[in-house]
Amino acid sequence: MTRTARRNRRMLQVTGAGAAALLALSACSSSDSDSAGSDSSASASASDKLSGEVTVFAAASLKESFTALGKEFEKEHPGTKVTFSFGGSDALAASITGGAPADVFASASPKTMKIVTDAGDASGTPATFVRNQLEIATLPGNPDKIASLKDLTKSDLKVVLCDKTVPCGAAAQKAVDASKLKLTPVSYEEDVKSALNKVVLKEADAAVVYKTDVKAAGDKVEGVEFPESADAINDYPITVLKESRNTEAAKAFIALVQSPEGQKVLSEAGFLQP
């Protein structure tokens, strides 16, 4: 074999070895890339999965609806738990500004929500998700024949109102003022459920509460509509709280409340669309 032939043979061997090395590197690179892509996808999927506890402070009138939505949320997101604290919106707002740990606040009025936003405890701008209207709750069968707000001024009737500091009480006072009537309740209750319960227990003849609470009570009370209630409809705002320990889950719960599914549950409970 000539010197030139031997040189050409060595060059072909080197070239072939280089090509094989390049192919091997390319295969490794492709495999690493696919692996990285798979890991990235798995990581993204894991980060999208919600878990942990979500604490929701909500107006007492939302108890039935939010309890149902909480169960639905836990069903949709295994590994999560929704814990509720229901009560008068003013008391809940005071708890939040006082440092009580919570992720979501749903208030029965913009005024009580403002307590939280003014203190800098809300994350973002609260959004109105439903509205609510007042109704008179009477004893079953309406034995006192109550047909109007004016009938509640009768001296022989035991009437209960929510405290003026809570949204249902403020709305009731607004309706009473608009009608130029004067009511003398036997008691002012800390929230709408407490006011309604007085009638359920037959400790009062009537109470001015929300339509949603009358509906939730079923045959334990009877509801009487009155025109002045149209001038005292409450907007319900909701927000993620600044000190939330589970922000993503809190946002997801609010998304459920605002979704068609959530709005259906609230509408069926008697709430009005925002």
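How much space lies in the second largest pocket? The second largest pocket holds about 210 Å³ of space. This report describes the pockets, cores and some single residues of one protein chain. The structure is a predicted model, in which local features need pLDDT of at least 70 and side-chain atom pairs count only at pLDDT 80 or more, while totals for chains, interfaces and linings use all residues. Residues are numbered from 1 along each chain as its sequence is written, and side-chain values use heavy atoms, with hydrogens and water left out.

**The chain as a whole**

The protein chain has nine helices and ten strands. Helices (H or I, at least four residues) and strands (E, at least two) are DSSP runs, numbered from the N terminus. Of the 274 residues in the chain, 41% count as buried. Buried means under 20% relative accessible area, exposed means over 50%, and partly exposed lies in between (1.4 Å probe, protein chains only). The chain exposes about 14400 Å², and carbon and sulfur atoms supply 52% of it. Accessible areas come from the Shrake-Rupley method with a 1.4 Å probe; for residues, only the protein chains shown count as cover. A contact means heavy atoms within 4.5 Å. Among contacts with a separation of 6 or more, 78% join residues 24 or more positions apart.

**Pockets and cavity**

Rolling a probe the size of a water molecule over the atoms shows where empty space is left. On a 1 Å grid over the protein atoms alone, a cavity is a set of points where a 1.4 Å probe fits but cannot get out, and a pocket is an open set with protein on both sides within 12 Å along at least five of seven lines; lining residues have an atom within 4 Å of a point. Grid points are joined across faces, edges and corners, and a volume is the space filled by probe spheres set on the points.

The largest pocket contains about 260 Å³ of space. Its lining has 18 residues, and Ser-109, Lys-111, Pro-167, Ala-170 and Asn-234 lie nearest its centre. The elements that give two or more residues to this lining are α4 (110-118), α5 (167-179) and β10 (234-241). In the second largest pocket, 13 residues form the lining, and the closest to its centre are Ala-100, Pro-101, Ala-102, Glu-243 and Arg-245.

A search of the whole structure finds one cavity of 30 Å³ or more. The volume of the largest cavity is about 70 Å³. Ala-60, Ala-108, Pro-167, Val-192 and Tyr-210 are the closest to its centre among the 13 residues that line it.

The table gives the linings by class. Ala, Val, Leu, Ile, Met, Phe, Trp, Tyr, Cys and Pro count as nonpolar, Asp, Glu, Lys and Arg as charged, and the others, Gly among them, as polar.

| Space | Nonpolar | Polar | Charged |
|---|---|---|---|
| Largest pocket | eight residues | four residues | six residues |
| Second largest pocket | five residues | three residues | five residues |
| Largest cavity | eight residues | four residues | one residue |

**Nonpolar cores**

A nonpolar core is a set of buried Ala, Val, Leu, Ile, Met, Phe, Trp, Tyr and Cys residues joined through side-chain atoms within 4.5 Å. The largest core has 64 residues, of which Leu-62, Phe-66, Phe-129, Leu-152 and Tyr-236 touch the most other members. Helix α8 (residues 247-258) gives the largest share of this core, seven residues. A second, separate core of ten residues includes Ala-102, Phe-105, Met-113 and Leu-241.

**Single residues**

Thr-239 is in strand β10. Thr-239 counts as buried because its relative accessible area is 2%. Not counting residues up to four places away in sequence, Thr-239 touches nine residues' worth of neighbours, including Asp-103, Phe-105, Met-113 and Ile-254. Asp-213 lies in helix α7 (residues 211-217). With a relative accessible area of 0%, Asp-213 is buried. Leaving aside neighbours within four places in sequence, Asp-213 is in contact with Ser-61, Val-192, Lys-193 and Leu-196.

Lys-63 lies in helix α2 (residues 63-76). Lys-63 has 43% relative accessibility, so Lys-63 counts as partly exposed. Outside its neighbours within four places in sequence, Lys-63 is in contact with Phe-86 and Lys-193.

Most residues other than glycine have a negative phi. Asn-142, in the loop between β5 (134-138) and β6 (159-162), has a positive phi near 50°. Asn-142 is buried, at 9% relative accessibility. Lys-180, in the loop between α5 and β7 (187-189), has a positive phi of about 60°. Lys-180 is exposed, at 75% relative accessibility.
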